[in-house]
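Visitor: Could you walk me through this structure? I'm in my first year, so keep it relaxed.

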Amino acid sequence: MPWEAVRARGGAFRIPTGRRPPRNLGPLCWTARASTGGRTGWVSAHQSGSVDEKCPGTESWLLGLCNNFSYVVMLSAAHDILSHQRASGNQSHALLFHQVDPDLAPTPHNSSSRFDCSSISTAAVLLADILPTLVIKLLAPLGLHLLPYSPRVLISGICAAGSFLLVAFSHSVGTSLCGVVLASISSGLGEVTFLSLTAIYPRAVISWWSSGTGGAGLLGALSYLGLTQAGLSPQHTLLSMLGIPALLLASYFFLLTSPEPQDPGGDEEAETAARQPLINSEAPQSKPDSSSDLSIQERWTVFKGLLWYIIPLVLVYFAEYFINQGLFELLFFQNTSLNHAQQYRWYQMLYQAGVFASRSSLHCCRIRCTWALALLQCLNLAFLLADVWLNFLPSIYLIFLIILYEGLLGGAAYVNTFHNIALETSADYREFAMAAACISDTLGISLSGLLALPLHNFLCHLS
């Protein structure tokens with residue numbers, strides 16, 4: 001076999017020209033580790049003879065935080081984005097969206113309804129925030145691997161910044177929804193990219209990434225709530241968040257280190273051995289170097305094995321986002337000091353707090369049967385839908401507790417699903433499996449948005 005010699009710190013390394021390291025790793029610079037016992041492993045060019053097994057936890061957490069931040073903020077701002085549709089007289093979207101006084105609440109568009117409704121459901125913002133992500137995730141397993149990681153991350157950061165600017169300076173709902181679409185492109189492209197990237201790092205990275213995405217939910221919703229409650233206009237609140245896309249790019253290009261050879265060992269190795277393989281003996285026995293080398297047959301075999309985890313995650317996200325964007329706006333209590341817009345922001349913040357707590361709990365609690373989480377979340381949906389219809393809960397604080405519990409279920413389903421997939425998929429197929437499985441939450445959210453729109457119209461026309 002022909003060899004090329006390269007010089008790096010600590011001595012010479014030998015790279016087999018007949019076999020390449022994983023493709024499209026952006027700034028990650030790969031060389032070959034000096035062979036020991038006839039074996040050659042892939043490590044970063046700056047490494048010398050010793051191998052540092054350090055997991056890039058902080059970097060993964062920051063990437064998860066920054067990637068989902070704009071997506072969460074747009075959902076938190078949904079009530080404000082649609083506010084001009086509820087204006088009376090000649091109030092414009094610009095006036096309402098840029099106003100500072102939170103008590104300047106517009107009147108309902110349908111005064112005969114028993115609900116305080118806007119003419120457009122906040123599910124419209126949800127669809128603008130999720131459908132582009134769905135398209136990206138559907139196409140990702142087919143050809144996204146041809147685009148290197150670095151341009152993907154750069155596009156993601158630019159779209160996130162553009163979303164904040166476009167929504168902040170918009171003067172119509174249509175323009176604002178275009179900004180929401182940019183946030184969706186940023187989040188969807190980033191999630192596919194970073195989840196695929198976890199395949200070449202130790203499995204602990206998944207826990208850090210999931211915790212970071214949960215942190216994005218909490219910090220995004222809390223910062224939007226806090227700044228608007230403090231008197232800052234929605235426009236200036238969004239402009240103050242422009243540092244997050246810059247942090248995303250800095251975390252990837254300057255902080256993220258090259259992956260080390262993975263040797264789980266210990267408890268994780270024993271746990272993996274005890275699991276039923278996700279890819280059974282039907283899978284072809286070839287050993288591809290990267291997901292781009294998988295055949296159509298191999299991709300289909302992997303996808304069929306993933307269905308056991310994809311379906312419950314779809315159900316979990318369908319139920320929780322049907323609640324969030326279909327029912328939150330209708331769960332309005334008049335016996336409280338919070339106005340309608342403030343109640344909506346509190347709902348979003350408490351939901352994200354639950355998500356953050358459970359996505360950060362993998363080291364404390366691991367759940368194999370994610371179907372149970374799907375069942376509990378569907379029961380949540382049925383209970384809150386009944387309350388919207390019958391109005392039997394006396395206090396908003398009971399709703400607060402239910403929404404916090406809803407977030408706990410959703411976050412637990414997300415982190416345990418991807419952890420289980422990482423454990424039960426062989427290294428040869430893991431990169432593709434992680435990219436394919438991330439369609440689950442997006443598909444569930446898209447379906448919930450499509451059904452929440454007609455439900456909103458139906459309920460808001462009830463006298």
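**Space on the inside**

Guide: Sure! The largest cavity holds about 210 Å³ of space. Keep in mind that this is a predicted model.

Visitor: How many cavities of 30 Å³ or more does a search of the whole structure find?

Guide: You can picture how such a search works: rolling a probe the size of a water molecule over the atoms shows where empty space is left. Run over the whole structure with a cut-off of 30 Å³, the search gives a count of four cavities.

Visitor: Which residues lie nearest the centre of the largest cavity?

Guide: Its lining is made of 22 residues. Several helices each supply at least two of them, including α4 (123-143), α11 (296-327) and α16 (439-460). Nearest the centre you'll find Asn68, Tyr71, Tyr321, Arg359 and Asp441.

Visitor: How do the residues of that lining divide into nonpolar, polar and charged?

Guide: Tyr counts as nonpolar here, Asn as polar, and Arg and Asp as charged. Sort the lining of the largest cavity that way and you get nine nonpolar, seven polar and six charged.

**Charges that meet**

Visitor: What links Lys137, Glu191 and Asp441?

Guide: Start with Lys137 and Glu191, whose closest N and O atoms are 2.5 Å apart. The side chains of Asp441 and Lys137 meet too, at 3.2 Å from N to O. A salt bridge needs a nitrogen of Lys or Arg within 4 Å of a carboxyl oxygen of Asp or Glu, so both pairs make it. Put together, the three residues are linked in a network of salt bridges.

Visitor: How many residues apart in sequence are the parts that Asp441 and Lys137 tie together?

Guide: Look at where each partner sits: Asp441 is in helix α16 and Lys137 is in helix α4. The pair therefore ties together parts whose separation in sequence is 304 residues.

Visitor: Is Glu191 buried or exposed?

Guide: Glu191 sits in helix α6, 54 residues from its partner Lys137 in helix α4. Its relative accessibility is 5%. Buried means under 20%, so Glu191 counts as buried.

Visitor: Which residue does Glu424 meet in a salt bridge?

Guide: Glu424 is in helix α14, and its partner is 56 residues away in the loop between α12 and α13 (370-390). Glu424 counts as buried at 6% relative accessibility, while the partner, Arg368, is partly exposed at 40%. The distance from N to O is 2.9 Å, and the residue you're after is Arg368.

**Rings**

Visitor: Is the aromatic pair of Tyr317 and Tyr321 stacked or edge-to-face?

Guide: This is one of 16 aromatic pairs found in the whole structure. The two rings are 6.0 Å apart, centre to centre, with 15 degrees between the planes. Planes under 30 degrees apart count as stacked, so the pair is stacked.

Visitor: Why are Tyr317 and Tyr321 separated by about one helical turn?

Guide: Both belong to helix α11. Tyr317 is buried, with a relative accessible area of 3%, and Tyr321 is buried at 4%. They are separated by about one helical turn because, along that helix, they are four residues apart.

Visitor: What kind of aromatic pair do Phe318 and Phe322 form?

Guide: These two are also four residues apart in helix α11, so about one helical turn separates them. Their centres are 5.8 Å apart, and the angle between the planes is 45 degrees. That falls between the 30 degree and 60 degree cut-offs, so the pair is tilted.

Visitor: Over the face of which residue does Arg359 lie?

Guide: We met Arg359 among the residues nearest the centre of the largest cavity. It lies 3.7 Å from a ring centre, over the face of Tyr414.

**Far along the chain**

Visitor: What distance separates the C-alpha atoms of Ile323 and Ala452?

Guide: Ile323 lies in helix α11, and it is buried, with a relative accessible area of 0%. Along the chain, Ile323 and Ala452 are 129 residues apart. In space, the distance between their C-alpha atoms is 8.7 Å.

Visitor: Where is Ser426, and what separates its C-alpha atom from that of Ala199?

Guide: Ser426 has its place in the loop between α14 (396-424) and α15 (427-437). It is partly exposed, with a relative accessible area of 34%. Ala199 is 227 residues away along the chain, yet the separation of the C-alpha atoms is 10.0 Å.

How values were computed. Residues numbered from 1 in each chain as written. Predicted model: local features only at pLDDT ≥ 70, side-chain atom pairs only at ≥ 80, totals over all residues. Heavy atoms only, no water. 1 Å grid on protein atoms, 1.4 Å probe; cavity = no way out; pocket = protein on both sides within 12 Å on 5 of 7 lines; lining within 4 Å. Points joined across faces, edges and corners; volume = space filled by probe spheres on them. Phe/Tyr/Trp six-rings, centres within 6.5 Å; stacked < 30°, edge-to-face > 60°. Buried < 20%, exposed > 50% of the residue type's maximum accessible area, 1.4 Å probe, protein only. Lys NZ or Arg CZ within 6 Å of the ring centre and 35° of its normal.
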